[in-house]
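Here is a friendly walk through one structure, written for someone who likes to look at the geometry. Please have a look at the sequence and the model, and then read on.

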Amino acid sequence: MDVQTKSKQSYLNQPTERISGAEAVIRCLIAEGADTIYGYPGGAIMPVYDELFKYQDQIHHVLTRHEQGATHAAQGFARISGRVGVAIATSGPGATNLITGIADAQIDSTPMVCITGQVPSHLLGSDAFQETDIVGISTPVTKWNHQITTAEEIPEVIAKAFYIARSGRPGPVLIDITKDAQFGELDFTYKKCEGIRSYNPIPKVNPVQLSAAAELINNAKKPLIVWGQGVILGEAEEEFKAVVEKSGVPAAWTIMGVSAIPTSHPLNVGMVGMHGNYGPNILTNECDVLIAIGMRFDDRVTGKLSDYATQAKVIHFEIDPAEVDKNVKTDVAVLGNAKESLAQILPLLNKNTHTEWLKKFEELSKIEFEKVIKNDLHPTKEGLTMGEVLKEINAQSKGEAAIVSDVGQHQMIACRYAEFNTSRGNITSGGLGTMGFALPAAIGAKMATPEREVVAVIGDGGYQMTIQELGTIFQTKAAVKIVVLNNDFLGMVRQWQQLFFDRRYASTVMTNPDFVTIAKGYQLEAKRVTKREELAAAVEEMMTSKEAYFLEVCVEKEDNVFPMIPSGASVSEIRLE
Amino acid sequence: METELKQFTVSVYAENNVGLLNRISAIFQRRHINIESMNISVSEIEGVSRFIILVNMTEVNVKKIIGQIEKQIEVIKAFYHTDEETIYLESCMFKIKSDLLFEERQIQNIIKESDARIVTVNREFFVLEKSGRRHEIELLHRELSAFGIMQFVRSGRISITKDQMKITELLTEFKN
């Protein structure tokens, strides 16, 4: 008997109830623990919304102001809590508006289930009103997707959707439900999905690979760990810290991995990649063993691949076999969940210290401080820097707040300078680089963890891509702190234009509205800071406010983010100015 | 050489589900790889489909493609093979005017020598079928072209590997 028939039998043994497909959708969501979901109603999904109305004491539906906002809110919810985020939309434009968030969740491995309404099944393929082939459109950017055309399929498919979204390497799943399936009836019973015969979410740790990895680490003279989000997704923070501390190996992070161990940890040597720290980038090309943990060698991390750590033996701890050797050829690949692999390698590692090697990081860090960090955090010029705003946020947050950043210069500054004591602290659009991500993502993050301070740090460009979500904050009273670092430019593109296109500032100048007035229109507490002497007090006022708060900081217009590895250059060619 | 363009046969064992073809072809499309031919059929295992996809790629990239195909939820296993590692053939059909069969005696010789089979004959046309390697089919096509072909169609490659695939064992492993 195969797994599918097995689950079908136990499913048939449960007591059933005759309900509509739409009600079944809600009951499935409740059974999966989805207590807060994000979405936007419309014709083809109305039966589900009608049931949401009836179940509003059990499931909180947040009306975002755009479907893209619903996906980012669901992503923020998932990223901070590890739970599956849920977004709902109608057919046609409702569904297509989800695509950016789905693509973002796919590349950043965020567990999310999207449910879309679809035209009645007899109209499928007929170019009906608000019909779009969302299953076809979403195929390349979903971990799995499926169209439901009969009510009976709903419980099994939704169970499968949640299972796929959260298991193994997480990702987004889209379920498209025709309107007749929502209206149809079924004998309802719910059974969580426990396995799919063609899907092996977590490869078993191979002890041979594990001891080969341990041997390389134990014999290394200049080892370097680069960790990514896999540590956080695998809930392996404890195991990771133990491995770092026992092996004494300096550890650097990708922007998706930061906060897995505290910023202040003595073996935390900073950020790798295009705008990462000087030391870990330079020393990537000097280490003898590179230990990659739950990261995927993104091009923003590696720079020029043919000149990336070619001198080093590479160990790759990875849950997804397709990532092994995809970009960087590995010497030892340890497949498996980071939590299991790290726990299993710990007893094989020698207690070690790498004092001389660590000194190299300190020396390079001093150079970076003199050339870059000093000017970012303790500027002597008149204009405000983005870095000093982050410094003030750190002073108030003490590493406990979640920093939700958008995309661009402010994002790189936020990732570089935000200090974290608690995991899942950095929520940003890493892989896709989606401007407009931060404001809705911060709403979702705040709702998932109301006790945690959530600060959205956004540029003036990205802010205006999803600014309508201020309406969601206004309506739900989500106590999100919003900091817009306004330089009246699309700053990162402008920086590239300055450095690589002879300062031809094509379409990067922003003539901005009065952001404070807009925030006040939504009855948010709002303040604008233009002078250094006002900054600390304003940040303190924002951080101590119990409600949502909007703070605009007008920063230097043409500041650049350094260090920088120019596109296509090697990590050793990192520029400090 | 891993970086040299070569012909590979990609075999995919997968659940028979709506949309999976789209998912698999999108993986090739993303990397701007043209699929030379594709055949989807049932396999030796009930409910499991087998895709045979012919591509020209480097070995480095075909390995990556295999990883990305296997990652799809409904895919049980994917393999790649060189021509030497498989037994393979293609089928084709020709529709030709029946008169020629009697007017051009050479056609009868061509049919005999090429191991082609006459599927049907009627007053207007006859249909010829041939299975074999690409070059044999191309040769037959060239030879018949001289007389005029009313219709021609060639199938995608189908192939069987010399090595075992062990899909049943894999499925048992998945279950446990």
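## A helix pair in chain A

Each helix axis here is a line fitted to C-alpha atoms over the stretch in contact, and angles run from 0 to 180 degrees between N-to-C directions. With that in mind, take helix 12 (residues 237-247) and helix 15 (residues 338-345) of chain A in this predicted model. Their axes come within 9 Å and cross at roughly 35 degrees. The crossing of helix 12 of chain A and helix 15 of chain A is left-handed.

Which residues of the two helices meet? Helix 12 of chain A brings Glu239(A), Phe240(A) and Val243(A). Helix 15 of chain A answers with Ala338(A), Lys339(A), Leu342(A), Ala343(A) and Ile345(A). By class, this contact of helix 12 with helix 15 of chain A has six nonpolar, no polar and two charged residues.

## Confidence in chain A

Chain A has a mean pLDDT of 96, and 98% of its residues reach 70 or more. Residues 1-11 of chain A are another matter, with pLDDT below 50. Beyond near neighbours in sequence, that stretch has 10 contacts in the model. Where pLDDT is low, the predicted coordinates should not be read in detail.

## Domains of chain A

The domain assignment splits chain A into domain 1 (3-188), domain 2 (207-360) and domain 3 (378-554). The C-alpha centres of domain 1 and domain 3 of chain A are 31 Å apart. Where these two domains of chain A touch, domain 1 supplies 25 residues and domain 3 supplies 27.

Which elements give two or more residues to the domain 1 side of this contact in chain A? They are strand 2 (36-39), strand 3 (60-63), helix 4 (67-81) and helix 6 (99-107) of chain A. Helix 4 of chain A gives the most, with 11 residues. Sorted by class, the side of domain 1 of chain A that touches domain 3 of chain A holds nine nonpolar, 11 polar and five charged residues.

## Backbone details in chain A

Two residues other than glycine have a positive phi worth a look: Arg424(A), at about 60 degrees, and Asp488(A), near 55 degrees. Arg424(A) sits in the loop between helix 18 (409-417) and strand 16 (426-428) of chain A. Asp488(A) is placed in the loop between strand 18 (481-486) and helix 22 (491-500) of chain A.

Are these residues buried or exposed? Arg424(A) counts as buried because it has 22 C-beta neighbours inside 10 Å, and 20 or more are needed. Asp488(A) has 17 C-beta neighbours inside 10 Å, so it counts as partly exposed.

There is also a cis peptide bond, from Phe562(A) to Pro563(A), with omega near 0 degrees. Pro563(A) lies in the segment after strand 20 (549-554) of chain A.

## Chain B and its contact with chain A

Chain B is divided into domain 1 (6-81) and domain 2 (87-154). The centres of domain 1 and domain 2 of chain B, taken over C-alpha atoms, are separated by 31 Å.

For a residue to zoom in on, try Asn34(B), in the loop between helix 1 (20-30) and strand 2 (35-42) of chain B. Asn34(B) is exposed because it has 9 other C-beta atoms within 10 Å. Asn34(B) and Leu54(B) are 20 residues apart in sequence and 9.2 Å apart in space, C-alpha to C-alpha.

Finally, the contact between the chains takes 17 residues from chain A and 19 residues from chain B. On the side of chain A that touches chain B there are nine nonpolar, four polar and four charged residues.

Definitions and conventions: Residues numbered from 1 in each chain as written. Chains lettered and ligands numbered in written order. Predicted model: local features only at pLDDT ≥ 70, side-chain atom pairs only at ≥ 80, totals over all residues. Domains from an automatic or database assignment. Helix = DSSP H or I, 4+ residues; strand = E, 2+ residues; numbered from the N terminus. Left-handed = near helix turned anticlockwise from the far one by under 90°. Contact = placed C-beta atoms within 7 Å. Nonpolar A, V, L, I, M, F, W, Y, C, P; charged D, E, K, R; others polar. pLDDT = per-residue confidence, 0-100. Buried ≥ 20, exposed ≤ 12 C-beta atoms within 10 Å, placed from the backbone.
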